[in-house]
Amino acid sequence: MVEAYRQQRVSFAKTTTFNLDEYVGLERNHPASYYSFMQEHLLGHVDAAPERRHIPDGMAASLEEECRRYDSLLEQAGQIDLQLLGLGHNGHIGFNEPDHALRSGTHVVTLQEKTRQANSRFFSSIADVPTHAITMGVGTILKAKTILLVVRGKDKAEIVRQALQGPITTECPASLLQTHPHVVVLLDSEAGGSLS
């Protein structure tokens, strides 16, 4: 997308962005924060207006108030046109971890050990990986007009199968994508290796 912008094939001037999530307890300038990631890989290189870029504040004095603020911004913006998702090894989308019940709106979540282990590659040690995050809820995700799920790697093949062909269950949050009318799935051959 940055290259397309540099070649003047696309403009982000009228684009409004909402990040799915942010770690709790990381300053925005921390190299592993999603704020820093977005700045480094996209927003710092395109013409998206700063006031139209939205990322939850993991350092907010009141996390509950921050979740309400974020939901209010989402409501004011209306329906999300395109929701870009990855897929966690345990089936999480955003940071909506497997559970007996899932939250609809933005909320604080305790990250499972499997998620923290997978994300430890971005930190000096597992001890530095935050234990909590603010995440957009599954209900908000499912309201998007189009959802784009992008997954790579053999290590994701079984969870891809569960998400796309298994039963719909909160124990695999991504399986709820089966209920959406317009999901586009992009897989490499290894990630799709367990699909029938």
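In this predicted model, Val150 has Leu186 of strand S8 as its bridge partner. That pairing belongs to the contact between S7 and S8, two strands that run parallel and are joined by 5 bridges. On another side of the sheet, S4 and S7 are also paired in the parallel sense, here over 4 bridges, and Gln83 stands opposite Ile147 in S7. Strands of a sheet pair through backbone hydrogen bonds, in either a parallel or an antiparallel manner.

Taken together, these pairings give an open sheet of 3 strands in the order S4-S7-S8. Strand S4 (82-85) and strand S8 (183-187) are its edge strands, each pairing on one side only. Between neighbouring strands of this sheet the average turn is 15 degrees, direction ignored.

The edge strand S4 merits a closer look. In a regular strand, side chains alternate between the two faces of the sheet. Along S4, Gln83 and Leu85 point to one face and are buried, whereas Leu82 and Leu84 point to the other face and are not buried.

Leu85 leads on to the nonpolar interior. In soluble globular proteins, nonpolar side chains tend to be buried together. The largest nonpolar core here comprises 21 residues, and Leu85, Leu87, Ile93, Met136, Ile141 and Leu177 are those with the most contacts inside it. Two or more residues of this core are supplied by each of helix H3 (63-77), strand S7 (146-151) and helix H6 (157-165). A second core, separate from this one, has 9 residues, among them Ala32, Leu111, Phe123 and Val129. Within the largest core, Leu177 can serve as a point of reference. Neighbours within four places in sequence left aside, Leu177 is in contact with Leu85, Ile93, Leu142, Ile147, Leu149 and Val183.

The remaining topic is the empty space. Rolling a probe the size of a water molecule over the atoms shows where such space is left. The largest pocket holds about 2,000 Å³ of space. Its lining consists of 50 residues, and Leu20, Phe37, Met38, Leu84 and Gly86 lie nearest the centre of the pocket. Leu84 is thus named in two settings: it points to the face of S4 opposite that of Gln83 and Leu85, and it lies among the residues nearest the pocket centre. Strand S1 (17-18), strand S2 (21-23), helix H2 (34-41), S4, helix H4 (113-119) and S7 each give two or more residues to the lining of the largest pocket. Helix H2 provides the largest share of that lining, with 5 residues.

Note on methods. Residues numbered from 1 in each chain as written. Predicted model: local features only at pLDDT ≥ 70, side-chain atom pairs only at ≥ 80, totals over all residues. Heavy atoms only, no water. Core = buried A, V, L, I, M, F, W, Y, C linked by side-chain atoms within 4.5 Å. Buried < 20%, exposed > 50% of the residue type's maximum accessible area, 1.4 Å probe, protein only. Contact = heavy atoms within 4.5 Å. Pairing = 2+ DSSP bridges. Axes fitted to C-alpha atoms, helices over the stretch in contact; angles between N-to-C directions. 1 Å grid on protein atoms, 1.4 Å probe; cavity = no way out; pocket = protein on both sides within 12 Å on 5 of 7 lines; lining within 4 Å. Points joined across faces, edges and corners; volume = space filled by probe spheres on them.
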